[in-house]
Amino acid sequence: MPRIKNKSVKKNITKKIKVKKEKTNKKSVVKEKVQNPTVLQLNKKNKKSPQLVRGMKDIVPPNSSDWVKMYRTADAITEAYNFSFFESPILEEAVLFARTLGKSSDVVSKEMYVFEDRDGNKLALRPEATASAARSYLTSGMVNMSQPVKLWYYGPMFRHDRPQAGRYRQFHQFGCESFGVHDASLDAEVITVAYNFIKDLGIETTVHINSIGTPEERAKYIVELVGYLRSKRSYLSEESKKRITKNPLRVLDSKEQQDIEAMEDAPQIVDWLSENSKQYFMNVLEYLDEVEVPYVLKPTLVRGLDYYTDTVFEIFADSNEPLASQGALGAGGRYDLLVEELGGQPTPGVGFSIGLERVLLEIKSKREKEKQNLEEGQKMSIKKGKKELFFAHLGEPSRKRTLALIEELRRAGITVRHCLGKVSLKGQLELADKFQVTHSIILGQKELQDGTIIIRDMESGIQEIVDQKKIKKEVSKILGIAY
Ligand code: AMP
């Protein structure tokens, strides 16, 4: 809004506003009987409000700040490892996923949202982004860019699964894909990014890893596996019995106790790998040793999707939360046949995706534990050593000046907590307490007149009166940043 310099213009405007207010007050007395919004709301009360769709979630405060943090962490780590941002449409041709994930995969056969649009096209809400990335690699001309083409994405995916903790119908994934080069260093690079993304968010994990070799090696192994499964048929769960012909590899990662027991002596894919495949896998592991990513070898890890070759991995939280056993935080692998499957030239690729709702559940449960420890008087402080400020105001003129000072601080790279929406100083200081800030800045009528501010140490209660002109310097000193 332009600044009004001329005093007589300002007076005029104030007069007009007053007259208008009086007029509307008179009118409202008559109209209120008919238009009182409360009355309207009551009338509507009988109508059912639209509800959130099952399995979907809003991202709202206070957790929404964790989402921003996760996004920033993903942005920072992918920049450091030179991945470029990529976003594909949420709608794709349904055939894209049927061809790449495999018709017998759970995602395609049971979980995908598929529908016909008004033109009769069979479309799907994307259940994952790797197939979309491969499609885009071909249709957006990335084939002609310098290889490898390294992409990262962050967004919603859709699967019509049974909703439960850590499993939703709309969920979000952060992922990386690396197209065009077949080299163990690139497998190790994406695993390093995935592992450290979660670590940077304060969650310790371990990578479960295996190699499923080439399609030829896998085909030979599957013959052996099917023979074994047939011999154990009567011990298997109903679901696994069905999988013997449909998708025998999936029996290996069944969570049913009777399947786990029946699979104890199952043949292991590693025994069907060629020397080449074994050497490649060893190379990946050597890289992981070098970069100190903790991993365990999991001979039964095969992943349920058709497009994987060689390296496959899943990332599990080290916490012993029930959630940790329920599912991996992230997963990925090498998919050298994917681009070819979509009609392109043979093009190797490797990538991962991480389920952000699951990471968030880990962050929340860790925070809860830390809070409990704090309450029990243990020394684990969430904000150990972290200095933070709250800017409180008292009276309308101070509120205006407060906004100006907050902006002045922001320009100097300093953010402070504040709540212009609260009028009482008590309410604001309660909020400051809730945020566990170490210091409060208070700007009252007197300080406004004197051109000063009060800085209060929240723990000791000691207050200091400081010249407003020195606010940046004083605040920087408290926060321990250079001025
Ligand atoms: P996937 O694409 O199946 O390999 O899954 C990769 C990651 O996405 C998993 O490790 C989960 O963290 C997450 N994920 C998969 N399905 C869901 C779901 N229905 N709800 C929430 N997260 C999911």
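In the predicted model, a patch of negative charge on the surface is formed by Glu286, Asp289, Glu290 and Glu292. Of these residues, Glu290 is placed in helix α11, which covers residues 275–290. The relative accessibility of Glu290 is 70%, and the residue is therefore classed as exposed, the threshold for that class being over 50%.

The protein chain as a whole contains 18 helices and 16 strands. Of its 483 residues, 44% are buried. The exposed surface of the chain amounts to about 28,100 Å², of which 52% is supplied by carbon and sulfur atoms. When contacts between residues at least 6 apart in sequence are considered, 69% of them join residues at least 24 apart.

Side chains of opposite charge can pair when their charged atoms come close. Across the whole structure, 25 salt bridges are found. One of them joins the side chains of Arg367 and Asp66, with an N to O distance of 2.9 Å. This pair links distant parts of the chain, since Arg367 belongs to helix α14 (residues 356–375) and Asp66 to helix α3 (residues 64–80), with the two positions 301 residues apart in sequence numbering. The two partners fall into separate accessibility classes: Arg367 is partly exposed, at 34% relative accessibility, whereas Asp66 is buried, with a relative accessible area of 7%.

Helix α14 also holds a salt bridge between Lys366 and Glu370. The closest N and O atoms of Lys366 and Glu370 are 3.8 Å apart. Because Lys366 and Glu370 are four residues apart in helix α14, about one helical turn separates them. Lys366 is partly exposed, at 35% relative accessibility, while Glu370 counts as buried, at 17%; the latter assignment follows because buried residues are those under 20% relative accessible area.

A further salt bridge connects Arg250 with Asp253, the closest N and O atoms lying 3.2 Å apart. Arg250 has a relative accessible area of 16% and is therefore classed as buried. Both Arg250 and Asp253 belong to a network of salt bridges that also includes Asp106, Lys110, Glu239 and Arg243.

Glu474 provides another case of a buried acidic residue. Glu474 is located in helix α18, which spans residues 471–479, and has a relative accessibility of 13%. With residues up to four places away in sequence set aside, Glu474 touches Ile455, Glu464 and Val466.

Tyr307 lies outside the helices and strands, in the loop between β8 (295–297) and β9 (309–317). Tyr307 is nevertheless buried, with a relative accessible area of 4%. Beyond residues up to four places away in sequence, Tyr307 touches Thr100, Leu101, Glu128 and Thr130, together with Arg334, Tyr335, Asp336 and Leu338. The C-alpha atoms of Tyr307 and Pro215 are 9.6 Å apart in space, although the two residues are 92 residues apart in sequence.

Notes: Residues numbered from 1 in each chain as written. Predicted model: local features only at pLDDT ≥ 70, side-chain atom pairs only at ≥ 80, totals over all residues. Heavy atoms only, no water. Patch = residues over 30% accessible without salt bridge, like charges linked within 9 Å, V, L, I, M, F, W, Y side chains within 5 Å. Areas by Shrake-Rupley, 256 points an atom, 1.4 Å probe, with all protein chains shown as cover. Salt bridge = Lys/Arg side-chain N within 4 Å of Asp/Glu carboxyl O. Charge placed at Lys NZ, Arg CZ, Asp CG, Glu CD. Buried < 20%, exposed > 50% of the residue type's maximum accessible area, 1.4 Å probe, protein only. Contact = heavy atoms within 4.5 Å.
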